[in-house]
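Student: I have a structure open and would like to learn how to read it. Where should I begin?

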Amino acid sequence: MRYLVTGGSGFIGRQVVKMLAREGDQIVVYDIKPDKDRLAGLLGDRDSSKLTAITGDITELDPLVKVCTDHGIENIIHTAAILDSLNPAVTVRVNCDGAVNVLEAGRMTGVKRVVMSSSVAVFGGHDKYREEFIPNDAPHFPGSLYGATKSFNERCVDYYFRTYSLDAIAVRFTHVYGTGRSSGIGTKFDEELFIKPAIGKPGKVPYSESIHNWIYVEDAARSLVLASKALKTESRCFTAGSDIHSVAEVADYVRTLIPDADITLLPGKFQLAYKFDYSPIQNELGFKPNFTIENGVKDFIDQIINENG
Ligand SMILES: NC(=O)c1ccc[n+]([C@@H]2O[C@H](COP(=O)([O-])OP(=O)(O)OC[C@H]3O[C@@H](n4cnc5c(N)ncnc54)[C@H](O)[C@@H]3O)[C@@H](O)[C@H]2O)c1
């Protein structure tokens, strides 16, 4: 199948590209900063011919439509976004206007499916919910502008499905960790909790009184690929999560892998919701995470050690 992966140079997008290439798909990466060398290195000689990397901005519709037409795109996985609310106007332009452009390009060019990346930030915290495990179709109470843009994306997915019969799906992730993260609050956790200890530097982990639902980047990417290839689904949006642990528990586990790790846990809480009902994603997409926190963290730390000699 011929795929467009927006944001394909990003943390999750790169893993999506790698998985699609392994499955024999042709991929066009559409990214405002496509790192062509890094993508080529990721795919290796065998798969690099399956990739075309294009510099493009999702806030402009016409070039997106042209790329879909020129490359005969059949399926879109949309991962381009701004992961914070530091510049609200930019976050809204990219995450809202940009997402609508991606859906619109998909509609205009007749793609088979559009898969959008969402976030459990749409739910805010647990305090608004009576259920211990937040249902897949629970109402949204985002506590941040970023979460509100993702909630808007999910509404757009539903709107395009109902109004234009565009087969759009959204997968919302919990806290994603793994190699190569460079945006959003999770970057700080990855740097201080995993990267610095693995290269022998002291790590000072912020918000260490938080509990997270930790999903490894390969699992997050696999959920998008599964969503793009699944048969017709009943649900339009799905929550994908994995293991629940406090930051202190994960730090203890890092210390078992790196006995001389110098990790300081700084006080504070950055607490998003972390308990969810996964029945729809399991039943409709066949998704279950492959990585527990133990093998995800081990894989991540092994990669950091390999990259740093
Ligand atoms: N990382 C997480 O923990 C997490 C959690 C929940 C949801 N998500 C969602 O997953 C998706 C991917 O996140 P990520 O962690 O890979 O982010 P990332 O920042 O690593 O990647 C985003 C990519 O989008 C590109 N981009 C930004 N603006 C663009 C524009 N205007 N036009 C084209 N490309 C543009 C960037 O260059 C980058 O390569 C996002 O939608 C994010 O909201 C991520």
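Tutor: We will go through the ligand, one arginine, some salt bridges and two backbone angles. Keep in mind that this is a predicted model.

Student: How many residues surround the ligand, and which are the closest?

Tutor: A residue belongs to the surroundings if one of its heavy atoms lies within 4 Å of the ligand. Here 25 residues surround the ligand, and the closest are Asp31, Tyr146, Lys150, Arg181 and Ser183.

Student: Which helices and strands supply residues of that shell?

Tutor: Helix H1 (11-22), strand S5 (113-119) and helix H5 (145-164) each supply at least two residues. The largest share, three residues, comes from S5.

Student: Which polar atoms lie beside the oxygen atoms of the ligand?

Tutor: Consider side chain and backbone in turn. A polar side-chain atom of aspartate 31 lies 2.6 Å from an oxygen atom of the ligand. From the backbone, a polar atom of isoleucine 12 is 2.9 Å from a ligand oxygen, and a polar atom of glycine 10 is 3.2 Å from a ligand oxygen. The protein covers 91% of the 830 Å² of accessible area that the ligand has on its own.

Student: Arginine 181 was among the closest residues. Where is its place in the chain?

Tutor: Arginine 181 is in the loop between strand S7 (175-177) and helix H6 (186-198).

Student: Is arginine 181 buried or exposed, and what is the nearest side chain of opposite charge?

Tutor: Side chains of opposite charge can pair when their charged atoms come close. Arginine 181 is buried and has no salt bridge; aspartate 190 is the nearest side chain of opposite charge, 5.1 Å away. A salt bridge needs a nitrogen and an oxygen within 4 Å.

Student: What does the side chain of arginine 181 reach instead?

Tutor: Look at backbone oxygens. The side chain of arginine 181 reaches that of valine 176 at 2.8 Å and that of serine 183 at 3.0 Å. Beyond its neighbours within four places in sequence, arginine 181 is in contact with residues including Phe11, Leu83 and Thr187.

Student: How many salt bridges does the structure hold?

Tutor: It holds 20. One of them joins arginine 46 and aspartate 47, with the closest N and O atoms 3.2 Å apart. Arginine 46 counts as exposed because its relative accessible area is 64%, while aspartate 47, at 3%, is buried.

Student: Where do arginine 222 and aspartate 219 meet, and are they buried or exposed?

Tutor: Count along the helix. Arginine 222 and aspartate 219 are three residues apart in helix H7 (residues 217-229), so about one helical turn separates them. Their side chains meet in a salt bridge at 3.3 Å, N to O, and both residues are buried.

Student: Which residues are linked in a network of salt bridges?

Tutor: Arg113, Asp167, Lys232 and Arg236 are linked in that way.

Student: Last, the backbone angles. Which residue other than glycine has a positive phi?

Tutor: Tyrosine 207 is one of them, with phi near 50°. Tyrosine 207 lies in the loop between strand S8 (203-205) and strand S9 (211-216), and is partly exposed at 32% relative accessible area. Serine 165 also has a positive phi, about 55°, although it is not a glycine. Serine 165 lies in the loop between H5 and strand S6 (168-173) and counts as exposed, at 61% relative accessibility.

Methods. Residues are numbered from 1 along each chain as its sequence is written. This is a predicted model: local features need pLDDT of at least 70, side-chain atom pairs count only at pLDDT 80 or more; totals for chains, interfaces and linings use all residues. Side-chain values use heavy atoms; hydrogens and water are left out. Helices (H or I, at least four residues) and strands (E, at least two) are DSSP runs, numbered from the N terminus. Buried means under 20% relative accessible area, exposed over 50%, partly exposed in between (1.4 Å probe, protein chains only). Lys and Arg count as positive and Asp and Glu as negative; His and the chain ends are not counted. A polar contact is a pair of N or O atoms within 3.5 Å; within protein, one must be able to donate a hydrogen and the other to accept it, and residues adjacent in sequence count only if both atoms are side-chain atoms. Contact means heavy atoms within 4.5 Å. Accessible areas come from the Shrake-Rupley method with a 1.4 Å probe; for residues, only the protein chains shown count as cover.
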